[in-house]
Amino acid sequence: MKLSRLITKAADTAMPHIDKCVACSIEKGVESFLCKRCCDEINARKHGDTKAKDLCAFSVYDYEGLVSKVVRDYKYNGKRYLCAYIASEMAAAVKGDYSAICHVPLHKKRLRRRGFDQAELLAKGIAKITDIPFVRAAKRTRNTRTQVSLGLVQRQENMKGAFVSTGPISGNVVLVDDVLTTGATA
């Protein structure tokens, strides 16, 4: 057994009522999701405004190191409780006057395989925190390849015709996805 698992098990046994860090799962006595060490590491990855096509885009953090681990754990390793942390970080970045929060939906086949739509849960969490209404604005009509190994042009081609609108929305809208790389999905 790894040393980190032994430490976690011992801490959970000795102090079961004290929350542990959502990133390292080792440090106990965490007040707001992360221990000091992980908070410092993640805050070093703060990102900011970017341009994605002609849209204003924002990525809270660079998708590297501990940040990518937390997102992957949430998305692929069944750790849905991480949604609360990720949504709170995303909600803190939502500044301005918005009429709705929408998400980039999964195709029904991927949704069945994964068991949940990570972007939808994030969007709903952000909506709850910010009091901006959550609206289902799009439906994925085509089961696209995963974008991970694709370049910009391939990502754009992969997304063409993949979504349809489910109804009109007016005003400024926050479109939520779990990772922003090139903006091709938007």
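**Aromatic pairing and helix contact around α4**

Phe-33 is partly exposed in this predicted model, its relative accessible area being 30%. The residue lies in the loop between α1 (3–14) and α2 (36–43). A search of the whole structure for aromatic pairs returned two. In the pair formed by Phe-33 and Tyr-85, the ring centres are 5.4 Å apart and the planes stand at 55°, so the arrangement is classed as tilted. Planes would have to be under 30 degrees apart to count as stacked, or over 60 to count as edge-to-face. This pair links distant parts of the chain, since its two members are separated by 52 residues. Tyr-85 belongs to helix α4 (residues 82–93). In contrast to the partly exposed Phe-33, Tyr-85 is buried, with a relative accessible area of 4%.

Helix α4 also packs against a second helix, α6 (residues 118–130). The two axes come within 8 Å and cross at roughly 55°, which makes α4 oblique to α6. The crossing is right-handed. On the α4 side, the contact is made by Cys-83, Ile-86, Ala-87, Ser-88, Met-90 and Ala-91. These residues meet Leu-121, Leu-122, Gly-125, Ile-126, Ile-129 and Thr-130 of α6. Classified by residue type, the contact between α4 and α6 comprises nine nonpolar and three polar residues, with no charged residues. Gly-125 of α6 is one of the participants and falls in the polar class, because Gly is counted there.

Terms used. Residues numbered from 1 in each chain as written. Predicted model: local features only at pLDDT ≥ 70, side-chain atom pairs only at ≥ 80, totals over all residues. Heavy atoms only, no water. Phe/Tyr/Trp six-rings, centres within 6.5 Å; stacked < 30°, edge-to-face > 60°. Helix = DSSP H or I, 4+ residues; strand = E, 2+ residues; numbered from the N terminus. Buried < 20%, exposed > 50% of the residue type's maximum accessible area, 1.4 Å probe, protein only. Axes fitted to C-alpha atoms, helices over the stretch in contact; angles between N-to-C directions. Parallel < 35°, antiparallel > 145°, perpendicular 65-115°, else oblique. Left-handed = near helix turned anticlockwise from the far one by under 90°. Contact = heavy atoms within 4.5 Å.
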